[in-house]
Structure formats: C-alpha cells, structure tokens
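Thank you all for coming; I would like to use these few minutes to walk through one model, starting with how its parts meet and then turning to some of its strands. Please have the display open while I talk.

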Amino acid sequence: MTTAATPDALMWITHRPDIVFTEGEGSWLRDRAGKRYLDFVQGWAVNSLGHCPPQIRDALATQSAKLISVSPAFYNEPAMQLAQRLAALSTLEKVFFTSTGAEANEGAIKLARKWGRIHRAGAFEIITFDNSFHGRTLATMSASGKPGWDTLFAPQVPGFPKARLNDIASVETLITANTVAVMLEPVQGEAGVIPATHEFMRALRELTGAGGLLLIVDEVQSGMGRCGALFAHQLSGIRPDIMTLGKGLGGGVPLGALLAREEVCCFEAGDQGGTYNGNPLMTAVGLAVLDTIAAPAFLAHIDARAAQLADGLKALAERHGLVGERGEGLLRALILPGDVGAEIVSRARELEPEGLLLNAPRANLLRFMPALTVNEAEIGQMLGMLDEVLGQVGRS
Ligand SMILES: *Cc1c(COP(=O)(O)O)cnc(C)c1O
C-alpha cells in the first residue's frame, strides 16, 4: 500500500481546510476518510452538470480514443462543431477558444484594443467597474475592480478606468476620445452576486452603440445557464459586441471562449493564438455540456430549482433575522447581518454525518452555485443543514 499523499510540496497560495477529496458524483463529494459533503460550490460554478457527469466521462473517453491535440494551427472537428453551436445560440458569429476565463478576457481586451487602433484612432481604454472580477493575469487583474488589486503586483496594465455598477452617469463621465469599450459581468460574482439591472444593461447598450464603442460582457460565471438563460445578458434583451465564457462551458475541464460579432473581428495572422486553444479533447466536452444545457427542458429545470432556492433562502432570512437574498437563477447570495460568513462556511463543512460546502466571497454573505443539475431534495437538504448552522451561530 502506498502512503497517503501530503500537501508539503504544493506551493502555498491560500488557506485550505484539512480535507482531501477523492470522489464526486452529481451534487456530492467524498473525502479520504469517507465523509460525504453536499457541494454548493461546485468548483466555483464550474461543474455545471455536477461532479463526474456521464456526458463528460463519455465525451472524454470517446474523443481521447480518436484525437487529443493537433495544435491551433490545424482544424479539428469538435472545435468547429462547438464554435458553430455557440455562434448560433449567441448570435455572435465568431468564436476563439481558450483554456481559462482570464485568457478569454485577455483575448477580448486585445481584440478591443486592435479594433480601437483601426477604427477609433488608437483608442484603447476599456471602462470596467468597481468590485468587478475578470481574472488573475496582469491585464485582467488591472481590469478588475477588486479592492487592493490596484497596488498588488504593481505597476498595473494601464487603460481600465472604473465606473460604478448600475450608475450610467458614472460611465458617461469616463468616456473620452481614448475610450474603446465598456466591459462588465452581467451579474458580478466575486463581488457578492450583484446583478446589473436589466435597465442598466440596456442603457449601456444604448450608450456604447450611440458612441461607437464596444460592449463586452464577461459571462465566465454568469453564462451557460447559470442565471436561468443560456447567457445572462439575454435576460435584458441586448446583443453585446463581445462575450467571454469559461467555467460552466467546460463543466470541469479547462475551456473558455471569446465570442464576437463578425464586424468586430480584426485579428490578423499571428495576433492571437495559444498552444491548447480549440483542443479537440476539451471542445468535445464543451459540446456535450452545451447540448445538455441548451435543451429547453433543462433551462426550465434551472428556473424551477432557482425559484425553490430563492424562496428557501428568503424563508431562512426571515426565520433568522438576516438581511435577505438576491441573485439570478442558480447564482444566489444570502446577506448576513454581520461578518459571520467564514464561521458559517466552516461550521457547515464540519456538520456530521454529512458536511455542506458553501462559499463566502464577502465576510457578510454566502454565495450558492450548485450544479445546474441539482434536484429538489438536495436543495431541501441544503436549506435544512443551513438552518441548523444559522441556529448554532445565532446561539453562540
Ligand atoms: C472566474 C472568473 C474569471 C476567471 O476565470 P479563470 O478560468 O479562473 O481564469 C473571469 N471572470 C469572471 C466573471 C469569473 O467569475
């Protein structure tokens, strides 16, 4: 028997609980000691179909026996199929695949800057928003409005002035001859699940359209059915110029995408690329995930489960004297009266005999991002477990 692995050789980047997960199925995880956990984090909204879904296992097995990698310098079947499906469903005609969400956003930033060079006399500034999150590369950290990130790893990449979400005047005042685009998350995820209002989305579309600017939506977290529509911006009835996807698109494998209107696409040979981009193994998985999520019955299931989750969280808020809940679809937050988020997360994990995995992106709120395949009983069980933990915290 081999001895159990230890984390000694992993580079330290953050505090992690002393648990090693070994298996997953649907909404459930199992650790090395055999304890089960109901997972409402799902790899940060990544496992759209839950842990180890048959669609992904089948796609990996079938595709890995045919072709794994040919380089982006050649065509392959799954990449072309997935691009055609995404283009048809989004009405954005062109797709470039990446491995991560940050890389898709880097591509969006490059495309906008190139377009600005050609069509807007060298304009390069992209207006982004306070508290936004666009990734962890240097440019996407600079685009992000996360407090403290302006000085971490300074100097920043210039050209990302920050406006306030749902405040159209704050965007208008930042527009200059240097502005080329506005970029936002239709629902700010890391900020604590703060939806851009549908009125704000429409006002932004009008403002950017009238000014000849590009509108970029970062749907890495909000897209792929997470918010009840295939893409969250569709809830406001707008068509962006550029959209980025990640997380739920691969359902657990590294896959992102940059989509753009045909008239915006201005990359020349050599401007953009990447070793794994459009990899047939990953895009075959993306196809399997998209085929499942885009089915009308699946989106109806998300709506029903989202209503159950929202109602259940509202009831808990009333019972325990909390502030309330908010969100779109199966991306929701429960707002707490104080900074007890971390305490609730660890108490929920430590429940016996089964634990509950939750996330607190801000000290005073919990975020819920279950598998989109979550069933009624699992949401009911999660609400019961959370009720117990909120009772413990209230008494202590
Ligand atoms: C997670 C996330 C990203 C970054 O995606 P990675 O795959 O971690 O690079 C970008 N934008 C949003 C809105 C995200 O939630």
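Let me begin with the area buried between domain 1 and domain 2, which comes to about 1,900 Å², with carbon and sulfur atoms giving 56% of it. Please keep in mind throughout that this is a predicted model. On the side of domain 1, Glu328, Leu331 and Arg362 supply 33% of the area buried against domain 2, which is more than any other three residues supply.

As for what these domains are, the domain assignment gives domain 1 as 21-45 together with 297-395, and domain 2 as 54-293. Their C-alpha centres lie 28 Å apart, and the contact draws on 21 residues from domain 1 and 24 residues from domain 2.

Which polar features cross this interface? The rule finds 7 residue pairs in polar contact there, both residues being at pLDDT 80 or more, and it also finds 1 salt bridge between the two domains. If you look for Arg367, you will see that it forms a salt bridge with Glu190, where the closest N and O atoms are 2.9 Å apart.

Which elements of domain 1 give two or more residues to the side that touches domain 2? They are the helices H1 (42-45) and H9 (296-319), along with the strands E13 (324-328), E14 (331-335), E16 (359-362) and E17 (365-368). Of these, H9 gives the most, with 4 residues. Sorted by class, that side of domain 1 has 13 nonpolar residues, 6 charged residues and 2 polar residues.

Now to the strands, beginning with E1, residues 21-25, and E2, residues 28-31, which pair in the antiparallel sense over 4 bridges. Within that pairing, Gly24 stands opposite Leu29 of E2. The two strands form a hairpin with 2 residues between them, and Gly26, in the turn, has a positive phi of about 60 degrees.

There is also an open sheet of 7 strands, which run in the order E4-E12-E11-E10-E7-E5-E6 with mixed pairing. Strand E4 (94-98) and strand E6 (162-163) stand at the edges and each has a single partner strand, so one side of each is left without a neighbour in the sheet. Inside the order, E5, residues 125-129, and E7, residues 179-184, pair in the parallel sense over 3 bridges, and the bridge partner of Ile126 in E7 is Ala181.

Definitions and conventions
Residues are numbered from 1 along each chain as its sequence is written. This is a predicted model: local features need pLDDT of at least 70, side-chain atom pairs count only at pLDDT 80 or more; totals for chains, interfaces and linings use all residues. Side-chain values use heavy atoms; hydrogens and water are left out. Domain bounds come from an automatic or database domain assignment. Contact means heavy atoms within 4.5 Å. Buried area is the accessible area (1.4 Å probe) that two parts lose on being put together, summed over both. A salt bridge is a side-chain nitrogen of Lys or Arg within 4 Å of a carboxyl oxygen of Asp or Glu. A polar contact is a pair of N or O atoms within 3.5 Å; within protein, one must be able to donate a hydrogen and the other to accept it, and residues adjacent in sequence count only if both atoms are side-chain atoms. Ala, Val, Leu, Ile, Met, Phe, Trp, Tyr, Cys and Pro count as nonpolar, Asp, Glu, Lys and Arg as charged, and the others, Gly among them, as polar. Two strands pair if DSSP finds at least two bridges between them.
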